[in-house]
Amino acid sequence: MGKNFKIGVIMILFLAIIVFAGPLIAPYDPNDVNMSIRLQGVTSAHIMGTDQLGRDLFSRLVYATGTSVKISLVVVIVSMVIGFVFGSTAAFLGGAVDEFLMRIIDVFMAFPTKIFTIAIAGILGASAFNITLALIITSWAVYARMVRGCVLTAKEMPFIDAATALGANRFYTIIKHVLPSVFQPLSTFAFQRIAHTMMAIVGLSFIGLGVQPPTPELGAMISESKNFMSTAPHLFIFPGLLISYVVFSFNILDDSLRDYWDPRIKSELAL
Amino acid sequence: MNKEKLLEVEKLNIKFLTSIGDVNVSENINFHLKRGEIFCIVGESGCGKSVVALSLTRLLPENAMINGSIKFEGVDIANLEDKEFAKIRGRKIATIFEQPMSCINPVMRIGNQIAETYRANFKCSKKEAKEQALKKLKEVKLPINRYNSYPHELSGGMQQRVMIAIALACNPQLLIADEPTTSLDVTVQYQILELLQEIKEKYNMAILMITHDMAVVHDMADTIGVMYAGNMMEIAARDAFFQQPLHPYAQELLNVVKDPCNYTIPGTVPNLMESFLGCPFEPRCNKSTEICKTKKPEDIVMGKRIVRCLNVVPN
Amino acid sequence: MSCLIEAVNLTKVFKDKHFSVFNKKEITAVDNVSLTVNSSESVGIVGESGCGKSMLGKMLVGLTLPTKGSVCYNGREISKLTFNEMKKLRPRLQPIFQDADSTLNPKFTVKKLLEEPFVINKIPKDEANQRIDELLNYVNLGKEFYNRYPHEISGGQRQRLGLARALSLKPDFIVADEPAASLDSSVQAQILQLLNQMKSNNGLGLVYVSHNLRIVSMMTQRVNVMYLGSFVETGDTKDVFENPIHPYTKMLIGSVLTIDGEKRKLGTKKVFGEPPDPKNRATGCAFHPRCDQCTQICKEERPELKKVGEKNRFVACHNI
């Protein structure tokens, strides 16, 4: 197993603890306002200091990471499922159905993500649910396209012919040969997209279209901190570092996962 | 005809240094080529025949350790500076490969590719280069109106002809052909081999051909070198070889090719990662004796033949 | 007469995808081909690349359905069988592909690949294991390969693994499509001998598809020479090779490089032109642009297979 893979797994495990066991880690309520201790630096009581309203930055960061990662997980999983259903239907049925579904996909591919999200926020109002919806609408088509491509390639592989010749029915070849050849590229792709989606959420929240205060969110926190940049730099340094950490850990895992799943590269890694 | 030795390879040792150990792909190989001679190296996959050919033009990966002397026109090219060597490669030694499409630029018209190769080696005007390229096209029997074709518009045989034309662009003295016809149809193979013989006659150059196909060897070779597990087991003139090969491996190989439905060589080709105490062919050899297990065979020169076997008695 | 496989007037037509929606061009890969194979008999199909020989092989084992014509196995037409009947029949008809590597799923281990035929056909584990042991013995592969992936074993071993899979369900008919083309002579010999053994011991019917005429001449009893989708000459292998009649057969046999006898002399040219492109079929006799005996009628009219002499010899040529 590669070194990168181990590093990636450890980083993701650490992240998972922050995301799913946040309330247990955070020492304070993230929304507990205490104006008497506002804009404090690192102290023993508040290990990452406090923000402009005297809230504990560490607790807020723990909750904020949870919000961002959870939203991106939902976006990625939901669009992956929609994309998988759409793409595999198109590829398996082929012909006119394929043609029709592909045109729908083309339409969705043409949506400009940022502008569309801004429009959704404008119409439905900015909220966590609405950006999740907007991001799903703009991203599922990419998965559909990818799944379709993978299925079409896998369907033409001679090992499918070989299995058919041995008496396998379509169901067997799809389950045993086609789908495994789709799942692996799809899941590495999804890992890559988690980081990507997370950046989008952070960006949208930063410009005020995403998660609304007082719910802690990394992008929103950086946005709030910009007025205190010179007096309290820890307010944007810590969230910034955390964003880098999350994105980096997903990317490193995605890379090594691809190597790990390919038996050809796997045996080289073992050398 | 000038029968001087064009290429002389002596005690060529090639080792690949890998993370899991050294791989010996060539052990003490000696052979030489005269002008106008076709020398065929024949052997099964993984015997190191392509590596030996690539080492002559320094196309081996970085982890290859080359030891020994390679004399080309009397100059030891194994120890030349890269800059000096570049003048020989392409201009005096040209190479053609099994897959033409991997060696010709897919987005450049074939005529231009031949002309560019010429211009890269000799300073001349574009017009002059084009004339040369047209001449080469004619030599490899491609219609002149193909000058402006792209490689994908040509069939496999024609692509192979283009690669030969590019190789010929600078009138090389030595042509290295690595499995030039393996992926072609029999009818096309027949014509390409004929073409190679014709240009050899015309330029009085030497051809070093790498192949695993005994029939191609029979058709082309003047001299044959049989390789097995990094060792040159036998070198002999074509007629003498096909009458009676001396090395047990060469004998078995010829038997298998003659009658594949009734004859096999037991065992499998050895892994070059292992180092052999004795003769590498010993485990599969039906004439092996005790001494074969412990002693490495050395070249026995018998007139024009060289055999690397402990059980062959020099006469 | 009971034929194992009887193919009548097989035709396969493709739509060329590279042409636009408005200009759909059809390519006839296999054109009106008939063929019979008996038990314990091996029949060769030879021709240059692109002549449709692989497609014909696929139709014979029922992997592709013919556009026209029929394939009968023991008198039953396989294109008319229901799905379940066909499923039962599949193991009887096996292809061996040229490119063994791509017929082995790279994500399966050798063990899983060997078990697959038994899993698909729901054969109990203990019976399967016993059969796998026999097979491994038969194709000379050791158990040490069990947990390796296909790319971790050599080309010859992969080809033998493919063979073991094809033989695992005890077929009576095999189409071997260049089964040894990319292999070394000594490995090639092992594969050929295995096929011959199967043929004589188990009464296997074999169709051997290849462009290597030397091996076809040794492996088969009857041979069909194919050019651009149709047979141009068929007959007993010995007769065809000793006395080729069709100009294309003569050319093919002339291009075979021997390993005994004299060296070829330059200038005695017997071979002309390149393999044809199925997209641009010549009118009349498809071979006429390369033929040195071409006359006016060859350019206009398509020759039919005609019986020549006493034996089962058929030739499609105007000039005989």
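Here is a walk through this predicted model, starting with chain A and moving on to chains B and C.

Let's begin with the overall look of chain A. Its secondary structure comes to 11 helices and 0 strands, and if you follow the elements from the N terminus, you simply read α-α-α-α-α-α-α-α-α-α-α. Taken along the principal axes, the C-alpha atoms of chain A fill a box of roughly 80 × 50 × 30 Å. The chain has 271 residues, and 38% of them are buried. What about contacts between parts of chain A that sit far apart in sequence? Among the contacts with a separation of 6 or more, 66% join residues 24 or more positions apart.

Now zoom in on one helix, α10 of chain A, which covers residues 234–261. You can check its length yourself. With 28 residues at 1.5 Å a residue, α10(A) should span 40 Å, and its end C-alpha atoms are indeed 40 Å apart, so the two agree. Which residues of α10(A) are buried? They are A:Leu235, A:Phe238, A:Pro239, A:Ile243, A:Val246, A:Ser249, A:Phe250, A:Leu253, A:Ser256 and A:Leu257. As you look at how they are spaced, keep this in mind: an α-helix has 3.6 residues a turn, so residues three or four places apart point the same way. And what covers the buried residues of α10(A)? The cover includes α1 (3–20), α3 (57–93), α8 (170–206) and α9 (218–225) of chain A.

Next, pick out a single residue, A:Leu135, which is found in helix α6 (residues 128–155) of chain A. Is A:Leu135 buried or exposed? It counts as buried because it has 26 C-beta neighbours inside 10 Å, and the cut-off for buried is 20 or more. If you leave aside its neighbours within four places in sequence, A:Leu135 is in contact with A:Val75, A:Thr117, A:Thr197 and A:Ala200. You can also look along the chain to A:Val147, 12 residues from A:Leu135, where the C-alpha atoms of the two are separated by 19 Å.

On to chain B. UniProt, in an unreviewed entry, places the feature "domain: ABC transporter" at residues 9–254 of chain B. That span is 37% helix and 28% strand, and its end C-alpha atoms lie 26 Å apart.

Chain B also touches chain C. The contact takes 30 residues from chain B and 29 residues from chain C. On the chain B side, the elements that give two or more residues are α5 (156–168), α6 (186–203), α7 (214–220) and α9 (248–258). The largest share, 8 residues, comes from α6(B). Sorted by class, this side of chain B has 15 nonpolar, 9 polar and 6 charged residues.

Finally, let's turn to chain C itself. Its domain assignment gives domain 1 (3–220) and domain 2 (232–320), and the C-alpha centres of these two domains lie 28 Å apart. How many residues meet between them? 12 residues of domain 1 of chain C are in contact with 8 residues of domain 2 of chain C. On the domain 1 side, β2 (26–37), β3 (42–46) and α8 (213–219) of chain C each supply at least two residues. The largest share of that side, 3 residues, comes from α8(C). By class, the domain 1 side divides into 4 nonpolar, 5 polar and 3 charged residues.

Notes. Residues numbered from 1 in each chain as written. Chains lettered and ligands numbered in written order. Predicted model: local features only at pLDDT ≥ 70, side-chain atom pairs only at ≥ 80, totals over all residues. Contact = placed C-beta atoms within 7 Å. Helix = DSSP H or I, 4+ residues; strand = E, 2+ residues; numbered from the N terminus. Nonpolar A, V, L, I, M, F, W, Y, C, P; charged D, E, K, R; others polar. Domains from an automatic or database assignment. Expected span 1.5 Å × (residues − 1). Buried ≥ 20, exposed ≤ 12 C-beta atoms within 10 Å, placed from the backbone. UniProt positions renumbered as here; feature names shortened; annotations may be inferred.
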